Amino acid sequence: VTKSVASMLVGVALRDQLLPGLDETVGRLLPDDARLHPDSPMRAVSLGQLLRGHSGVAYDYTRDVPALAGAVDPVAHALSLPALPAGTAAWTYNDAAVGLLGPILTRACGGDLEAWAARQLFRPLGIERWSWARDRRDVPFTWRGLRLRGRDAARLGAVMADGGRWKGQPLLGADWVADSLRAHGAADWQVAPVADIGYGYLWFSGRLHGQQVAWGWGYGAQFL
């Protein structure tokens, strides 16, 4: 559930005013890269759209996953993708778009993203063991590759379930958590017996046996 953890880190960066807001575009958040791709539709995509899965940029899951995983420059790969055809559903699962959060957060924190995540999120929760794969620009992937013990993933889930608090102390803003876990639109992916599945900020939401639920959905049917 690397994407959902990346969303939490965006919340930390917004909390500390390291990012200007969800309306800021990729073109302004990654100006040096964007300047090399003046015609890229990704330049106009906002941070909020990346989180909601509403980039409007095409992504072929079968073809693009290996291309993105092995890309010499994954940012350039993302900026090379075309816009979706008119009339396409708003929500699309786009690893390359979410992958831009890695360099965005790296630039925002002014250092190594993994070290910053350890200081700001993992260690305050008592998480001491993890591994995190990196791209060929030496930036931790934000679309996959973070490995945690089950008990430590549960700590992250507990923070979200308690409105951003850990042992009574605020770690993430309550409004940010609420916005992360509520649907900003329908998601095309379904998982029975959950109904009314929507997508928040890289978290899924829906109703299970009459109860509102939210979850991170990871590779190989990992659920948080």
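Select Leu 208 and then Gln 211 in strand 7, its bridge partner. Strand 6 (residues 204-208) and strand 7 (residues 211-215) run antiparallel and are joined by five bridges; strands are DSSP runs (E, at least two residues), numbered from the N terminus, and two strands pair if DSSP finds at least two bridges between them. This is a predicted model, in which local features need pLDDT of at least 70, side-chain atom pairs count only at pLDDT 80 or more, and totals for chains, interfaces and linings use all residues. Residues are numbered from 1 along each chain as its sequence is written, and side-chain values use heavy atoms, with hydrogens and water left out.

Stay on the hairpin of strands 6 and 7: two residues lie between them, and His 209 in the turn has a positive phi of about 50 degrees.

Next, select strand 5 (residues 195-199), which pairs with strand 6 in the antiparallel sense over three bridges. Ala 195 has Arg 207 as its bridge partner in strand 6. Four residues separate the two strands of this hairpin, and Leu 202 in the turn has a positive phi of about 65 degrees.

Leu 202 also helps line the second largest cavity, together with residues including Lys 3, Trp 91 and Tyr 199. A cavity is a set of points on a 1 Å grid over the protein atoms alone where a 1.4 Å probe fits but cannot get out, and lining residues have an atom within 4 Å of a point. This cavity holds about 40 Å³ of space, a volume being the space filled by probe spheres set on the points, which are joined across faces, edges and corners.

Notes. On a 1 Å grid over the protein atoms alone, a cavity is a set of points where a 1.4 Å probe fits but cannot get out, and a pocket is an open set with protein on both sides within 12 Å along at least five of seven lines; lining residues have an atom within 4 Å of a point.
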